[in-house]
Each structure stands twice: as C-alpha cells, then as structure tokens.
Amino acid sequence: MTSFEDLPIRDDLRGLTPYGAPQDALPITINVNENPFSVPEAVALSIIQRISLTLPGLNRYPDREFTELRERLATYLGQGLTPEHIWAANGSNEVLQQLLQAFAGAGRKIMSFAPTYSMYPLLAKGVGSEWVAAPRDENFELTPELVRTAIEAERPDVVLLCTPNNPTGTPLDLETIEAAYDATDGIVVVDEAYAEFRHDGAPTALSLLEGRPRLVISRTMSKAFAFAGVRLGYFAADPAVADAVRLVRLPYHLSAITQAAAIAALEHSDTMLAQVDRIRIQRDRIVDETAALGYRPYRSDANFVLIGGVADPAVMFDEFVARGILIRNTGPADCIRVTAGTESETDAYLSALAEITAARPELQLTSSEGVSA
Ligand SMILES: *Cc1c(COP(=O)(O)O)cnc(C)c1O
C-alpha cells in the first residue's frame with residue numbers, strides 16, 4: 001500500500017499526523033466540546049423551509065458575499081457592528097486558515113501561548129509559516145506582562161489568543177489582549193469559540209474592536225449554537241480585514257445550503273442558545289465536584305473543564321472508555337479534559353470518576369505530586 005510519505009509531498013509535511021479526535025460511538029461522548037442538545041424541532045423546520053427555497057436555484061453559484069448572513073451575524077453580535085465588519089467561512093477553522101493565508105504564509109511567524117488549541121500549529125504548517133508557542137504560567141493564565149515580553153522577544157506577524165482557551169478553559173482579561181495588540185504591528189486574532197459560555201460579567205474582546213484595525217475576533221456556531229455539523233464560523237474586524245481575506249478565499253466558499261441553514265438558525269438565536277445556561281451550570285458543577293474528589297480542575301469560562309492531578313491520563317482515558325464514556329487526554333501532562341454536557345452526562349462522568357478513583361487510587365496524584373510546572 002502506498003503511504004503519503006512515498007508521494008512527492010512537501011518536505012515540511014513529512015512525518016506529520018492529521019487532526020484526529022476519536023469519533024468512537026460510545027454512549028457518552030464528552031471529548032470534543034460539542035453541545036449535547038439537538039437542534040429544536042421548530043428551528044429544524046425553519047431551516048428546512050429556508051433550504052427548500054434555495055433548491056430550484058442550486059444550478060447557480062451562491063451569493064459570493066453572503067450578504068444576508070453577514071447582516072444576521074452583525075445583528076447577533078450587536079456592539080454597533082455592521083455587515084462590513086463581518087466575514088464567515090466553513091467553520092472558524094477555515095476562518096483562521098483564511099486569516100493566516102492573508103496575514104502569515106511562507107517566511108512569516110505565528111505565535112500563541114501553550115497549551116492551546118491543537119489546530120493552530122497544524123494551520124500554521126499548512127500555510128508554510130513558522131510556529132512559536134510561548135508558555136503560560138503555572139495555572140495556564142496569561143498576564144499583560146507575560147504576553148508583552150513574549151511578543152517583543154519573538155516579533156510574530158500574527159498572534160493567536162484563545163479565550164476562553166482550549167484546552168485549559170482559562171479566559172483572558174481585556175488588559176492582556178490590549179497589551180498583545182500594543183506589543184505588535186502584526187495581526188492579533190482572538191479566538192472566542194466559546195464566548196457564549198463565559199460567566200456573567202466576563203468581557204468579550206468585541207468591545208476592543210473600535211480603533212484597532214489589526215484586531216480580529218473569531219467566533220463559531222459550532223459550540224454554544226449547537227450547530228457543529230453545519231460548519232459556520234465567522235469573524236468581526238475592521239472591514240479592511242475582510243477585504244484582505246477576499247484575496248485568498250475560494251470563490252463561493254459558502255454553499256447556498258450552508259447560508260440558508262445559518263440564516264434560519266440565527267433567526268432563532270434565542271432558541272438555539274436556550275441550553276447555554278444549563279451547560280454553564282454543569283460546567284461549574286464539574287469544577288466543584290471534581291475538586292471535591294481530590295483532583296485539580298482549572299477555572300473555566302468554556303463548556304469544558306481541564307482537570308489536573310491525574311497520574312496517568314492514558315489509563316484514566318481507558319477506564320472511562322470501559323464505562324462507555326469518551327473523554328479527551330491530549331495533554332497537558334497529568335490532565336484530562338471533559339466537556340460539560342447534559343445533567344445526566346455529568347452525573348455519569350462524576351460517578352465514573354468516583355468509581356475509578358476508589359478502584360485505582362494510584363491514578364490520582366497526591367497534592368504534593370506533579371503540580372504542573
Ligand atoms: C471548537 C473550536 C473552534 C471551532 O471550530 P469550528 O471550525 O468553528 O467548528 C475554534 N477554535 C477553538 C479553540 C475551538 O476549540
């Protein structure tokens with residue numbers, strides 16, 4: 001059998017492995033931060049209606065500028081944003097790829113703060129850019145000083161800030177984002193994929209856009225909107241950023257069906273977001289009750305929690321799989337990551353963790369061991 005390594009592939013892609021979160025069919029999947037609630041029936045009917053209107057016209061290319069969708073997204077975000085400030089693509093992963101194609105690329109440097117979203121280095125590789133990851137502090141937090149020092153040392157062309165950060169859940173304050181912006185002449189992308197799950201009163205970087213033309217806020221309908229299957233991500237930025245991205249996007253990249261589905265969902269944004277509060281309650285419950293079991297959860301503004309104090313995450317992963325539960329164990333060291341799902345999914349996760357800890361106490365680090373460096 002031919003391996004891709006046998007083909008005349010780019011040298012810098014040799015030896016890489018693709019993004020590969022398991023898609024195993026287990027009764028409880030709390031591994032990729034999906035929203036566990038299905039699309040409400042009333043919204044599903046509106047989506048079908050919208051899509052059915054596009055069907056006779058599918059012989060034509062779709063609206064290349066997805067004007068109505070950009071209007072809906074601007075209205076959803078508020079903050080005085082207009083359709084000119086908005087851009088969308090097939091998931092925020094494509095949004096990020098387009099931004100990197102326009103503002104990074106060969107010979108340029110992309111920087112973030114590790115541990116962070118595992119797709120960033122793959123996206124950087126794909127556009128031929130250098131990737132640098134500066135460290136976070138011992139609680140995976142960032143400060144204005146830490147960010148400023150790292151950016152001034154590395155002088156990146158694009159800075160990727162993820163808040164709340166995947167996989168740690170930790171949010172950034174606005175001062176840290178401002179410090180990053182002021183420390184660079186490059187583009188600063190703030191990935192707010194999980195913004196709708198933040199605690200009441202926590203800020204969003206949208207309020208910083210005014211007067212900062214190099215700042216881009218990326219969002220997605222995949223998580224809070226419970227719409228991961230549609231693939232719709234978007235950003236808000238100065239209109240000039242969207243103009244730059246128009247140079248690299250493929251023509252007609254958003255299908256008429258995608259546009260129709262997203263418009264219909266946005267017409268019902270209150271219904272689509274109705275379960276966010278329930279998920280936030282489970283998130284806070286996972287933090288409290290996991291700590292009560294003797295582990296070390298990190299603070300989270302997202303729909304998942306990073307849990308430290310796990311002696312052997314790979315074995316812990318297998319113990320959960322044996323109980324029909326799929327979690328994530330892709331680092332950092334001594335950590336697992338768990339998505340906040342329904343109340344009964346959280347119940348199942350918590351009783352499995354209690355059971356595993358009782359049966360195999362060696363899987364739990366004692367408080368003096370393995371505090372993350
Ligand atoms: C899930 C996630 C996304 C969303 O990706 P989509 O392509 O929009 O589904 C973006 N950024 C981060 C950090 C994520 O965890």
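Exposed residues are those with over 50% relative accessible area, and buried residues those under 20%. With these cut-offs in hand, the tour of this predicted model can begin at helix 1. The face of helix 1 turned away from its buried side carries Glu41, Ala42, Leu45, Ile48 and Gln49, which are exposed. Helix 1 spans residues 41-54, and its 14 residues reach 20 Å from the first C-alpha to the last, close to the 20 Å expected at 1.5 Å a residue. Its buried residues are Val43, Ser46, Ile47 and Thr54. Viewed down the axis of helix 1, these buried residues fall within an arc of 100 degrees, so they line one face of the helix. An α-helix has 3.6 residues a turn, so residues three or four places apart point the same way. The cover over the buried residues of helix 1 includes helix 8 (256-267) and helix 9 (269-272).

Helix 8 deserves a look in its own right. It has 12 residues and reaches 17 Å from its first C-alpha to its last, close to the 16 Å expected at 1.5 Å a residue. Helix 8 is mostly covered, with 9 of its 12 residues buried. The buried residues are Thr258, Gln259, Ala260, Ala261, Ala262, Ile263, Ala264, Ala265 and Leu266. Among the elements that cover them are helix 1, helix 2 (67-77) and helix 9.

Attention turns next to strand 5 (158-162). Strand 5 is mostly covered, and 5 of its 5 residues are buried. Val158, Leu160 and Cys162 point one way from the strand, while Val159 and Leu161 point the other way, and all are buried. Strand 5 runs parallel to strand 3 (residues 109-114), to which 2 bridges join it. Within this pairing, Ile110 stands opposite Val158. Strand 5 is also joined to strand 6 (residues 187-191), by 5 bridges and again in parallel. Here the bridge partner of Leu161 is Val190 in strand 6.

A second set of strands shows the antiparallel arrangement. Three strands form an open sheet in the order 9-10-12, with antiparallel pairing. Strand 9 (296-297) and strand 12 (336-339) stand at the edges with a single partner strand each, so one side of each is left without a neighbour in the sheet. Strand 10 (residues 304-308) and strand 12 are joined by 4 bridges, and Phe304 stands opposite Thr339 in strand 12. The backbone oxygen of Phe304 lies 2.6 Å from a polar atom of the side chain of Ser300. Ser300 itself lies in the loop between strand 9 and strand 10. At 5% relative accessibility, Ser300 counts as buried. Leaving aside residues up to four places away in sequence, Ser300 touches Gly169, His199, Arg283 and Val305.

The loops hold some backbone surprises. Most residues other than glycine have a negative phi, and most peptide bonds are trans. Two cis peptide bonds are nevertheless found here: the bond from Thr163 to Pro164 is cis, with omega near -15 degrees, and the bond from Asn166 to Pro167 is cis, with omega near 15 degrees. Pro164 belongs to the loop between strand 5 and helix 6 (174-183), and Pro167 is likewise placed in the loop between strand 5 and helix 6. As for phi, Arg155 has a positive value of about 45 degrees although it is not a glycine. Arg155 is found in the loop between helix 5 (144-154) and strand 5, where it is exposed, with a relative accessible area of 64%. Tyr252, also a residue other than glycine, has a positive phi near 60 degrees. The place of Tyr252 is in the loop between helix 7 (239-246) and helix 8, and it is partly exposed, with a relative accessible area of 28%.

The ligand completes the picture. Of the 13 residues around the ligand, Ser92, Tyr194, Thr220, Ser222 and Lys223 come nearest. In the case of Tyr194, an N or O atom in the side chain is 2.6 Å from an oxygen atom of the ligand. Asn93 places a polar side-chain atom 2.9 Å from an oxygen atom of the ligand. Asn166, the residue that precedes Pro167 across a cis peptide bond, has a polar side-chain atom 2.8 Å from an oxygen atom of the ligand.

Terms used:
Residues are numbered from 1 along each chain as its sequence is written. This is a predicted model: local features need pLDDT of at least 70, side-chain atom pairs count only at pLDDT 80 or more; totals for chains, interfaces and linings use all residues. Side-chain values use heavy atoms; hydrogens and water are left out. The expected span of a helix is 1.5 Å times one less than its number of residues. Buried means under 20% relative accessible area, exposed over 50%, partly exposed in between (1.4 Å probe, protein chains only). The arc is that of the directions from the helix axis to the C-beta atoms. Contact means heavy atoms within 4.5 Å. Two strands pair if DSSP finds at least two bridges between them. A residue is near a molecule or strand if one of its heavy atoms lies within 4 Å of it. A polar contact is a pair of N or O atoms within 3.5 Å; within protein, one must be able to donate a hydrogen and the other to accept it, and residues adjacent in sequence count only if both atoms are side-chain atoms.
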